[in-house]
Amino acid sequence: MESTQPSAGTAILQRGSRRPSAPLRRRVQRLGTPLLLLAPALVILIGLRLVPIVDAIRLSFTDWDGFGAPRWVGLDNFKALIHDDRFTGALLNTLKILVALPVWILLPYLVAWALHNKIFGWRLFRLAFFIPIVLSPAVIGVYYGLVLQPQGPFNELLRSVGLGGVARAWLNDPTSAMPVVIAIIVWSTFGVGVLIFLSGLSNLDQEQIDAARVDGASAWQIQRHVVFWQLLPVLEFWSIIIMIASFTAFFPLIYSLTGGGPGFSTYTVDFALYQEAFGNGNLGYASSIGVALLILMAIVGLIQLRLLRGRRA
Amino acid sequence: MGSIELHEVTKSFDAGALAVDHMSLQIPDGEFLVLVGPSGCGKSTLLRMVAGIETVSDGRIQIAGRDATHLPPRDRDIAMVFQSYALYPHMTVLENLGFGLKLQKVPKAERERRVADVMRMLRLSELGGRRPGQLSGGQRQRVAMGRAMVREPAAFLMDEPLSNLDAKLRVAMRAELARLHERLGVTTIYVTHDQTEAMTLGQRVAVLKDGLLQQVDTPHALYHRPANLFVAAFIGAPTINLVRARVERGAIAFADQRLSLPDDAPLPPQQDVIVGIRPSDIELADGASPDHPRVDVQLEVVEDLGAETNLIFSVAAPRVDVEGADLAASDDQLLADDGRTMFTAHVSSGPGFAVGDRVTLAVNPTRLHYFDPGSGEAIAIPERALSAA
């Protein structure tokens, strides 16, 4: 007998023609809440990060001075960058900071290892190493500027222990200014590294270390063959953070410590960016420095990851 | 090859807690000894002390005749298999196997030969170039075993090496381990919390609780002659049935049951006891010896295992909880305590049983275990039953 009622399939087709199909509807419903929750963060990210980045890229091809309408100059800013001795000098200074990377990794690691093994007074040390993190870079800059004055407490200390010959105008001497700046930067940031390495060490697979001990590994061999590989993700993270910070984060400290001098011996790329944008009013040119930095950081970061991930499982 | 001797070995931690309390054990050359006990009983700590990974607070450890109490792990001539396998994730299978030999500066040719031999024996030859992350659980377990074997040590120490495997693979690997020990004959201390693993693998089994050695004996003796309530309750699956009882002339009475015993049945010298009856010592009345006392029960749960069936019924007596054993402290109890004790009879599968059926069961009186209710120590062990067992 033939049915005059529409079949179930027909009914579904009819419904489907008017409204989204059930799986699609379900998917939209499923995404609705997460998107709603992410919305504030996404708005901030897009409005304060993505849009300025895209705009900076656009401005890097202009000669905008911050007031008039930007004029398209093509690659002129980038060509000028290559021949800008001030910029290449600043880049070289930034790379000098980056050269300290091994110290930046090794020092926090050694301290973290000592704290992890609960050396005497480890709670106090942990707090002491953390203090620089909470200080403003400008405060650190001003503080060390005073401490390292020619007649400041540091030189006084050297003289009092018979090392007066070593005393000098640390921040006014082109040969010592950059090493001093690097030392202060390392000091001011290594507490973060200690914390990061400490968290890595607390998550070590102890059974692997025990296995290596049973296998006959010495303390150094355990570090090299077991701990190093387990900490590699932490190492990657920390070295990338340092690299990015070297290019972008130390301007306030250097500005308040040396002002980029003496001469331009502590003048770094982020300093150059600031100077071109807000000192010289070359916002288009400053944007091209920003874009160049972005590309440089991507290249250096990729090289770092490639070196570190060589043998990771 | 090497024997292992523990003399009054003690481990105390900072808080003063004793993880291992004056433990003495002699493990002859070539023996497979299993350390078994519930979590926190000190079995892994003891193994780690033998390995040299954990320091010894007091006592002495001898490996292959020499004092190893304070020797570093590398000088003890032992190899260890860990619960997580502890393979080096950045090394290939080949490198994992050869790492220990490389550290010991074994010549390259010798190293390669030994690694190849072990790979062949453990069917790892095809996996040499893979990293642990690319292996299945069973393959990783074999690599971990291989890493220990390639060292050709005086003793193997194994810390729950099968616990990360799924149930089926665990059973298969258990048999493989037994075969491997048979072939290599290397002294082995094996830690597990799984009494089935302990009973099937160990030539002798040491039962630990709260850092104290409860009993060390063959699996057969542990099952049939438990030294105390804890061992009786911990060893055996299904778990032993325990009930407070009163020994009267020619009978044992508990709750609403009264087991009349034959005249020659061994009886404890005291009246108040805890009686233990292994589920396998309760039979269906049909076919049981006419001397065996009968009990009529109503089935509350029927577990049909195929060849055997667990018949579970209750008796009107309060539970006997054994501290530290698996059945203890109501952890195995889902429903509220109704003042009754669940008993299990492990019988051959016959005609279908159903919940609610009334069944007559027979208890073998020579296989009863008696324990002192105060101390929990075994009393009047039925020797005649043992000879029959």
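**Where two chains and two domains meet**

In this predicted model, 19 residues of chain A are in contact with 26 residues of chain B. Together the two chains bury about 2000 Å² between them, and carbon and sulfur atoms give 53% of that area.

Let us look at what joins the two chains. Nine residue pairs are in polar contact across the interface of chain A and chain B, both residues of each pair being at pLDDT 80 or more. Two salt bridges are also counted between these chains. One of them links B:R48 with A:D210, whose closest N and O atoms lie 2.8 Å apart. On the side of chain A that touches chain B, α10 (206-215) and α11 (219-248) of chain A each supply at least two residues. The most comes from α10(A), with eight residues. By class, this side of chain A has seven nonpolar, five polar and seven charged residues.

Now turn to chain B by itself. Its domain assignment gives domain 1 (4-224) and domain 2 (242-388), and the centres of these domains, taken over C-alpha atoms, are 37 Å apart. Where they meet, five residues of domain 1 of chain B are in contact with six residues of domain 2 of chain B. The area buried between the two domains is about 610 Å², with 46% from carbon and sulfur atoms. Of the area that domain 1 buries here, B:K209, B:Y223 and B:H224 supply 76%, more than any other three residues.

Which contacts cross this domain interface? There are zero salt bridges, but two residue pairs are in polar contact, both residues at pLDDT 80 or more. Helix α7 (residues 219-224) of chain B gives the most to the domain 1 side, with three residues.

Key
Residues numbered from 1 in each chain as written. Chains lettered and ligands numbered in written order. Predicted model: local features only at pLDDT ≥ 70, side-chain atom pairs only at ≥ 80, totals over all residues. Heavy atoms only, no water. Contact = heavy atoms within 4.5 Å. Buried area = accessible area lost by both parts, 1.4 Å probe. Salt bridge = Lys/Arg side-chain N within 4 Å of Asp/Glu carboxyl O. Polar contact = N/O pair within 3.5 Å; in protein donor to acceptor, adjacent residues only side chain to side chain. Helix = DSSP H or I, 4+ residues; strand = E, 2+ residues; numbered from the N terminus. Nonpolar A, V, L, I, M, F, W, Y, C, P; charged D, E, K, R; others polar. Domains from an automatic or database assignment.
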